[in-house]
Amino acid sequence: MSAAVTVLGVNCSPSGGGKTRAAIEAVLDGAAAAGGETRLVELADGDDLAPVIASLAASSAFVFGSPMYRATFAAPFKTLMDAVPRGLHGEQSAPLTGRAAVTVATAASDHHFLGPAGMRDVLVDFFACHVVSPGLYVPAYGYDEHGALAEPFAARAALLGGALVELAGAIAASTALRAVTPSV
Ligand SMILES: Cc1cc2nc3c(=O)[nH]c(=O)nc-3n(C[C@H](O)[C@H](O)[C@H](O)COP(=O)(O)O)c2cc1C
């Protein structure tokens, strides 16, 4: 029997614990239903990214979530991407390269649904990470009165979680998908 897919959710909201966390957790629930082992880290919990990068290295799939700020992702996502190694130029690890990810974006309205493209771009083109696309975009009206995802967002989150685990399994079974590296 193959090892369970380990899925790490990373909440890149500057405040933490809010709408973005709820949306990431919905995707993680979908991943768990598909057999993944899930956990979540909050970048708002501290400035030291070393333990976060160690957690990335110990995982085979990721759910990166950020609120949309000024029509794009919030600063903690950029700060994390700036700190993650790619195994090039003397770096000793490449925790995102050739692994699977889903992006989650939350926002006040529908208007900035192209904002998370910037998250996908850096994951795909800079890190050679395999990203299930499109990701989950949840506006404020996508939550119920208890703060949980409403439909159709809940179903979409569950589907993406399952797709993430299946993609990670496909990567694990593939030589070529694991061998993809950044071009520069
Ligand atoms: C500084 C700031 C800028 C924001 N900019 C946008 C924006 O450009 N577009 C949008 O739809 N929502 C914007 N929002 C709303 C947040 O994206 C939204 O409330 C999000 O779900 C908050 O996630 P959180 O609870 O996980 O922090 C902004 C909020 C803040 C605080």
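# Report on strand S3 and its surroundings

Strand S3 and strand S5 (residues 100–107) pair in the parallel sense over 7 bridges. Two strands count as paired when DSSP finds at least two bridges between them, and the strands and helices themselves are DSSP runs (E, at least two residues; H or I, at least four residues), numbered from the N terminus. Please keep in mind that this is a predicted model, in which local features need pLDDT of at least 70, side-chain atom pairs count only at pLDDT 80 or more, and totals for chains, interfaces and linings use all residues. Residue numbers start from 1 along each chain as its sequence is written.

Let us stay with S3 for a moment. S3 covers residues 61–69, and 8 of its 9 residues are buried; buried here asks for 20 or more other C-beta atoms within 10 Å of the residue's own, exposed for 12 or fewer, and partly exposed lies in between, with C-beta atoms placed from the backbone. To see how S3 meets S5, look at Ser66, whose bridge partner in S5 is Ala105. Strand S1 (residues 6–11) also runs parallel to S3, and 5 bridges join the two. Gly9 stands opposite Val63 of S3 in that pairing.

What kind of pairing does S3 make with S4? The sense is antiparallel, and strand S4 (residues 72–73) is linked to S3 by 2 bridges. One place to find this pairing is Met68, which has Phe73 of S4 as its bridge partner. S3 and S4 form a hairpin with 2 residues between them, and Arg70 sits in the turn. The phi of Arg70 is near 50 degrees, a positive value in a residue other than glycine.

Back on S1, you will find another parallel neighbour: 6 bridges join S1 to strand S2 (residues 37–42). Leu8 has Arg39 as its bridge partner in S2.

Now for the ligand. Which of the 16 residues around the ligand come nearest? They are Gly18, Thr20, Pro67, Thr106 and Ala107, where a residue belongs to the surroundings if its C-beta atom, placed from the backbone, lies within 6 Å. Helix H1 (19–33), S3 and S5 each supply at least two residues of this shell. S3 gives the most to the shell, with 3 residues.

The interior comes next. In soluble globular proteins, nonpolar side chains tend to be buried together. The largest nonpolar core has 49 residues, and Ala23, Val27, Val63 and Leu164 touch the most other members. Two or more residues of this core come from each of S1, H1, helix H2 (50–57), S3, S5, helix H4 (117–126), strand S6 (130–139) and helix H5 (153–172). A core of this kind is a set of buried Ala, Val, Leu, Ile, Met, Phe, Trp, Tyr and Cys residues joined through C-beta atoms within 7 Å. For a closer view, take Ala23: leaving aside neighbours within four places in sequence, Ala23 is in contact (C-beta atoms, placed from the backbone, within 7 Å) with Gly65, Val104, Thr106, Leu136, Val138, Leu149 and Ala157.

A few single residues are worth a visit, and the table puts their surroundings side by side.

| Residue | Place | C-beta atoms around it | Class |
|---|---|---|---|
| Pro76 | helix H3 (residues 75–83) | 22 within 10 Å | buried |
| Tyr137 | strand S6 | 21 within 10 Å | buried |
| Ala128 | loop between H4 and S6 | 18 within 10 Å | partly exposed |
| Arg70 | loop between S3 and S4 | 8 within 10 Å | exposed |

Beyond the residues up to four places away in sequence, Pro76 is in contact with Cys12, Pro14 and Leu43. Pro76 and Ala26 are 50 residues apart in sequence, and their C-alpha atoms are 21 Å apart in space. With the same kind of neighbours set aside, Tyr137 touches Ala105, Phe113 and Pro116. Tyr137 and Val63 are 74 residues apart in sequence and 13 Å apart from C-alpha to C-alpha.

Finally, some backbone geometry to check on your screen. Ala128 has a phi near 55 degrees, a positive value in a residue other than glycine. Which residues does the cis bond with omega near -10 degrees connect? That peptide bond runs from Ser133 to Pro134, and Pro134 is found in strand S6. A cis peptide bond also joins Glu151 and Pro152, with omega about 10 degrees. Pro152 lies in the loop between S6 and H5.

How values were computed
Two residues are in contact if their C-beta atoms, placed from the backbone, lie within 7 Å.
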